[in-house]
Amino acid sequence: MHHRTCPFCEATCGLEVTLDGERVTSVRGDREDVFSRGFICPKAHGLKELHEDPDRLRPPLVRRDGELVEATWDEAFAEIDRRLSPILAAHGRNAVAAYVGNPSAHNLAYLTYGPVLLRALGTQNVFTASTVDQMPKQVAAGLMFGHLLSVPVPDVDRCDHLLMLGANPLVSNGSLLTAPNMRGRLRAIRERGGKVVVVDPRRTRTAEEADEHHFIRPGTDALLLAAMACTLVEESLVDPGPLTEHLEGLDEVQELVRAYRPEDVAPATGVPAGEIRRMARELAGAERGAVYARIGTTTQEFGTHASWLVDVLNVLTGNLDREGGAMFTLAAAGQRNSSGTPGGGRGVRLGRWQSRVRGLGEAFGELPVACLAEEIDTPGDDRVRALITVAGNPVVSTPNSGRLERAMEQLDFVLALDIYVNETTRHADVILPGPGPLEKSHYDLALYQLAARSVANYSPALLDHDGPAEWEVLLRLAGIASGQGPDADVDAFDRLVIETLVGRELKDPGSRVAGRDPAELLEALEPRRGPERVLDLLLRVGPFGDGFGADPDGLTLEVLERNPHGVDLGPHRPRIPEVLRTASGKIELAPEAIVADLPRLAASMERRPNGEMVLIGRRQLRSNNSWMHNLPALVKGKDRCTMLLHPDDGERLGLADGALALVRSSAGELEAPVELSDEMMPGVVSIPHGWGHSAPEARLSVASEHAGVNSNLLADDTFVEPLSGNAVLNGIPVEVVPAPDRAAAQIA
Ligand SMILES: Nc1nc2c(c(=O)[nH]1)N[C@H]1C(S)=C(S)[C@@H](COP(=O)(O)OP(=O)(O)OC[C@H]3O[C@@H](n4cnc5c(=O)[nH]c(N)nc54)[C@H](O)[C@@H]3O)O[C@H]1N2
Ligand SMILES: Nc1nc2c(c(=O)[nH]1)N[C@H]1C(S)=C(S)[C@@H](COP(=O)(O)OP(=O)(O)OC[C@H]3O[C@@H](n4cnc5c(=O)[nH]c(N)nc54)[C@H](O)[C@@H]3O)O[C@H]1N2
Ligand code: SF4
Ligand SMILES: [Mo]
């Protein structure tokens, strides 16, 4: 019996895995896990199938005579050096783009050593899944609190009023909110007399579980939230309490939101004014309330405004940074918003460079992925000629997939760090697979920074991996990228990495080990190597750590090794003002960049539904973005890639249940089977993302049997949210008609 953390989503559930040799005989929830207490979802069983999947790559693949064929690791690295180095030499660093995908955020090796590769590449063309996801929230948090990871999370276990917009945690299992078993946690709110309110254009499972659900027109959350804030101001319900002395711009923000009266936003949002006012009053009246919003509010036209207003409401109602409200987390390791001097800083700087073609601004070291295709297919000396993907499937996951698909053909070299030949990696010249899920260690370095409590749980690798570890692969690639050839001395490189991290820590005036002797710390970390050595360092200098001897009872990696069910470090405590890193040392309630873009939001108040349909996405319990559809247990049953539509719309558009619809947008078109359901708001259709597995040459024997269509053929790469560069994936105007009848067309 082995205990480990599930690596598939943000919930970090504890699993109990039994093995018979190399074979997995069972996967169950770990009842003793300090955080998940036995909860799991159906994807946990995917662990067994992923471990066993014959399509999962083991040795590297290298393209020879047009075919991807198996190669040794040394051959693969030699090929990368042969192909990549000349491109860097002839065309410069920006000729190589990197795309880092979602599983990287769940991968200890990628989190710790991925940045080493990116630094060695030295390219400004860094793209990640963040700009098809949460970037607006990070921009808003950065501007308000001074750090991109100062994203408040709802204190779900202590709040008595939770307002959720654009989130479906009963299916997604929570996002920017690590909290396993959200169904149980939401029920507990209701059982203690509290209230759960959901705002979503679809009556989701989460909405069904709530006390109250409001349909909203996609893309109008910022208007709704502003109108709630307006209500607080008009009805003298603003009460930030002890936060007041830490606020900058309180008067200004109150003045600004007055322009969004509930009566004026109601027609655009579809939420009646009386309901908006009541929602505001109830939030203000709650003892411990929190507003929480997720991807439906970030992957849309006013994502940064919505993200900002969520926390404006949390502040105006006095719920930010208080127990049961929206709180700042404190993770055991690598808490990114805790370095530097507490209580102030330099704030964030956005737009330090621009994308070549469209001039979109950088945010936190990356460019909007909506630009990737045009950076490749727009001629110019400095165009992108090579692409490295790290656990990402941009051909399915990013907007205007059709264009990116064609652009991939124009690349001189593609390297993929991936475990499948799929829609993206089929274009690769070299694929470097990683170990299977049981062949590597796990620690949720990123997600614990967004958890509902402070928790730490480490899982060692259970089985040996035939090949180099992921961190060694990254260091060898970093060696190639920095011109040292394919055979970098990994040990020496790793030594440099840890020395750099130790050095940086010792120089940080806020660090617990500031000024200590580096040799002493390095000695104490022996004999660990790689991510384990980095993790041990981060734990020990972290807020619960042993401080390298300062607190003998504190955390070290060894303590976690002795506690396979994890260590619970307690609920959150208020962190203001210490957590702030803004130049003013205050919470910036009216950041200049956001305020400057308000006229765009105000203008949207005049919009009215005009009979045009809009497209949104949806997540499904047995999917995980684009890549778990090759696991039989997760795709069995009837096909799920359907277009949901309200029956009244079906009747109006001549679409019966099960009929095939043709859906067109400014970017492309596709056909999908119709599923009529009154869970949809009239005027809105929903197609899940992550499908479309019919690409030639992909090696997905199971997924190709349940191919579905790729909804991102409809997302327009030119439709981005201006403040963050995030793609608009929800609220896409579409035309929906019955698909032409092919049989009839053939006869005629
Ligand atoms: N229309 C629409 N589009 C969306 C979204 C939406 O809601 N609607 N959601 C967006 C969001 S939130 C996200 S996060 C993105 C996700 O976008 P991506 O990160 O680009 O896509 P994934 O589907 O997560 O693909 C993960 C890739 O990693 C590989 N992989 C899995 N495990 C491992 C591993 O252990 N090692 C390695 N090396 N590779 C591995 C898989 O084979 C796959 O190729 O999609 C976005 N796209
Ligand atoms: N089973 C499963 N779990 C997952 C994933 C998965 O693919 N499958 N993906 C993981 C990833 S990468 C992420 S980022 C998280 C995301 O986690 P969540 O944000 O909880 O994701 P969704 O389930 O897509 O919920 C988004 C909701 O927003 C609604 N929505 C769409 N447009 C709007 C709008 O304009 N306004 C409002 N108010 N609502 C809108 C949709 O109807 C949907 O119910 O999930 C993670 N967990
Ligand atoms: S909810 Fe997420 S972490 Fe938990 S078992 Fe399911 S996929 Fe794994
Ligand atoms: Mo995501």
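## Ligand 1

An oxygen atom of ligand 1 sits 2.6 Å from a polar backbone atom of Asn 102. This comes from a predicted model. Leu 417 also meets ligand 1 through its backbone: an N or O atom there lies 3.1 Å from a nitrogen atom of the ligand. His 689 uses its side chain instead. A polar atom of that side chain is 3.4 Å from a nitrogen atom of ligand 1. On its own, ligand 1 has 920 Å² of accessible area, and the protein covers 96% of it.

Who stands around ligand 1? The shell holds 28 residues. Tyr 99, Asn 102, Asp 418, Asn 422 and Ser 626 come nearest. Asn 102 thus appears twice, in this nearest group and in the backbone pair at 2.6 Å. By class, the shell splits into 13 nonpolar, 11 polar and 4 charged residues.

## Ligand 2

Ligand 2 has 30 residues around it. The nearest are Ser 172, Asp 200, Asp 221, Ser 623 and Asn 625. Backbone atoms of the protein also come up to this ligand. A polar backbone atom of Asn 168 is 2.9 Å from an oxygen atom of ligand 2. For Gly 219, a polar backbone atom and a ligand oxygen are 2.8 Å apart. Ser 623 pairs with a nitrogen atom instead: its polar backbone atom is 2.7 Å from that nitrogen. Taken alone, ligand 2 exposes 920 Å², and the protein buries 98% of that.

## Ligand 3

Which residues surround ligand 3? The list includes four cysteines: Cys 6, Cys 9, Cys 13 and Cys 41. Phe 8, Ala 11, Thr 12, Ile 40, Lys 43, Ala 44 and Asn 173 complete the shell. Sorted by class, the shell has 8 nonpolar, 2 polar and 1 charged residues.

## The domains

The domain assignment divides the protein into four parts. Domain 1 covers 1-52. Domain 2 is written in two pieces, 147-341 and 586-599. Domain 3 spans 489-565, and domain 4 spans 607-747.

These bounds help to place the ligand neighbours. Cys 6 and Cys 41, from the shell of ligand 3, fall in domain 1, while Asn 173 falls in domain 2. Around ligand 2, Ser 172 belongs to domain 2 and Ser 623 to domain 4.

## Where domain 1 meets domain 2

The centres of domain 1 and domain 2 are 33 Å apart, taken over C-alpha atoms. Their contact takes 9 residues from domain 1 and 11 from domain 2. Together the two domains bury about 800 Å² between them. Carbon and sulfur atoms account for 57% of that area. Which residues of domain 1 lose the most area to domain 2? They are Glu 10, Phe 35 and Phe 39, and together they make up 66% of what that side buries.

What polar links cross this interface? There are 4 residue pairs in polar contact. The number of salt bridges is 0. On the side of domain 1 that touches domain 2, there are 6 nonpolar, 2 polar and 1 charged residues.

Note on methods:
Residues are numbered from 1 along each chain as its sequence is written. Chains are lettered from A and ligands numbered from 1 in the order in which they are written. This is a predicted model: local features need pLDDT of at least 70, side-chain atom pairs count only at pLDDT 80 or more; totals for chains, interfaces and linings use all residues. Side-chain values use heavy atoms; hydrogens and water are left out. Domain bounds come from an automatic or database domain assignment. Contact means heavy atoms within 4.5 Å. Buried area is the accessible area (1.4 Å probe) that two parts lose on being put together, summed over both. A salt bridge is a side-chain nitrogen of Lys or Arg within 4 Å of a carboxyl oxygen of Asp or Glu. A polar contact is a pair of N or O atoms within 3.5 Å; within protein, one must be able to donate a hydrogen and the other to accept it, and residues adjacent in sequence count only if both atoms are side-chain atoms. Ala, Val, Leu, Ile, Met, Phe, Trp, Tyr, Cys and Pro count as nonpolar, Asp, Glu, Lys and Arg as charged, and the others, Gly among them, as polar. A residue is near a molecule or strand if one of its heavy atoms lies within 4 Å of it. Accessible areas come from the Shrake-Rupley method with a 1.4 Å probe; for residues, only the protein chains shown count as cover.
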